[in-house]
There are 2 protein chains.
Amino acid sequence: MTDPPDTTPDTTPDTTPDRRPGGRTARIRAQVLDAVRAELAEGGHERLTMEGVATRAGVHRATVYRRWRDVGGLLVDVIDAAGEIDWQPPDTGSLRGDLTALNREIQESLVVRPSPALALMAASFHSPQAARAQTRLWADRYAQCEVLVERAVERGELPARQVDARSLLIAATAPLYHQLVLLRAEPDPRLPEQAARAAVLAAAAGAFFVPREADT
Amino acid sequence: MTDPPDTTPDTTPDTTPDRRPGGRTARIRAQVLDAVRAELAEGGHERLTMEGVATRAGVHRATVYRRWRDVGGLLVDVIDAAGEIDWQPPDTGSLRGDLTALNREIQESLVVRPSPALALMAASFHSPQAARAQTRLWADRYAQCEVLVERAVERGELPARQVDARSLLIAATAPLYHQLVLLRAEPDPRLPEQAARAAVLAAAAGAFFVPREADT
């Protein structure tokens with residue numbers, strides 16, 4: 001699937017010697033999304049405007065309107081772009097190590113100032129489109145992380161009985177989001193490891209077993 | 001501490017036979033905060049205006065401006081009013097039962113439509129005042145809930161070694177907030193009990209022990 005060729009005049013002359021893969025369309029998208037992230041970080045989504053993004057990106061306004069339509073379209077594309085990154089879940093050799101590494105990544109993304117991740121979460125409360133994109137991205141990331149639980153079962157770290165990987169992953173990561181996004185606590189450097197360890201102990205004790213027919 | 005007498009003309013004649021405790025000042029506050037909750041539920045905080053609240057409450061605009069100053073002041077007072085309710089943590093006879101009951105309350109407050117709790121969380125991303133009030137309210141509620149852990153230790157449900165009650169409470173409740181507020185998942189009727197059970201199993205396995213001098 002290719003985009004139609006973009007023939008709108010651009011405010012920046014095309015002097016980039018090494019074009020990003022995908023050519024001009026991809027380059028304009030990268031410029032615009034970089035500008036969205038920067039504008040979000042500076043002023044939050046309330047001050048995000050099509051004009052502000054076009055100016056910062058050095059891209060013609062008509063191009064931004066035609067390709068992204070409105071601010072909601074920009075937010076969705078920033079979130080979708082995050083999903084296109086070739087992200088791989090950690091692989092440290094133990095479930096506790098993997099979940100700790102995952103939690104450290106989450107903590108870092110929420111603690112950095114300005115935090116694009118936090119700005120997008122705030123925006124998702126006001127843009128149903130952004131909320132849907134965010135939900136999709138998280139669903140993908142949690143699905144990708146299920147392999148951590150599979151590997152733990154293979155290594156014999158968890159009982160062979162079927163574990164609900166998604167519930168375990170939510171239990172391991174939720175305290176980070178709750179403390180840093182909603183409770184706005186000071187970041188606790190021990191929390192990534194503590195939350196990971198608690199989830200592993202609960203899992204080993206059978207907290208996330210999928211109910212068997214016989215149990216119900 | 002008493003408020004100065006309110007002498008602004010009010011748009012509603014004072015015909016209420018049984019005044020709420022605290023008299024006219026308290027009655028006007030109740031009317032205004034009810035109006036804020038209703039406006040929030042209908043249009044979110046973006047459409048919350050001093051004028052809209054005054055009209056809905058049937059209270060003179062000048063009164064609303066003088067006592068709450070701006071929309072941030074209204075949000076803070078709605079959150080503070082929630083903190084003034086004589087809320088008591090559950091007491092079911094077991095830690096797992098108590099945490100499940102607590103989680104059911106949380107789930108209900110987030111699932112009801114419209115949800116004032118959710119509207120206030122959304123608002124707190126855009127009003128630093130509201131964010132501070134929200135953080136204070138949560139800190140109070142979690143502090144109130146520490147008794148659940150104390151009772152569990154007294155009953156012998158948890159090892160006598162010192163447990164970090166707050167971390168246990170966060171672990172038990174965080175999955176509800178994460179699933180329903182950030183991930184926007186469909187409510188899972190089993191989640192309150194599952195999250196409570198996982199936290200209790202983790203606690204019994206030592207996940208929330210306060211480190212001893214000798215351990216460090």
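A salt bridge is counted when a side-chain nitrogen of Lys or Arg lies within 4 Å of a carboxyl oxygen of Asp or Glu. Across the interface of chain A and chain B, that rule finds zero salt bridges. This is a predicted model, in which local features need pLDDT of at least 70 and side-chain atom pairs count only at pLDDT 80 or more, while totals for chains, interfaces and linings use all residues. Residues are numbered from 1 along each chain as its sequence is written, and side-chain values use heavy atoms, with hydrogens and water left out.

So what does hold the spotlight at this interface? Contact (heavy atoms within 4.5 Å) links 34 residues of chain A with 34 residues of chain B. The buried area, meaning accessible area (1.4 Å probe) lost by two parts on being put together and summed over both, comes to about 3200 Å², with 65% of it from carbon and sulfur atoms. On the chain A side, Phe125(A), Leu182(A) and Arg184(A) lose the most area to chain B, together 20% of what that side buries.

Helix 6 (116-124), helix 7 (128-154), helix 8 (165-182) and helix 9 (191-204) of chain A each supply at least two residues of the side touching chain B; helices here are DSSP runs (H or I, at least four residues), numbered from the N terminus. Helix 8 of chain A gives the largest share, 12 residues.

As for cysteines, the structure holds zero disulfides over all chains (cysteine sulfur pairs within 2.5 Å). Cys145(A) counts as buried (under 20% relative accessible area, 1.4 Å probe, protein chains only) because its relative accessibility is 3%, and Cys145(B), at 2%, counts as buried too.

Methods
Chains are lettered from A and ligands numbered from 1 in the order in which they are written. Buried means under 20% relative accessible area, exposed over 50%, partly exposed in between (1.4 Å probe, protein chains only).
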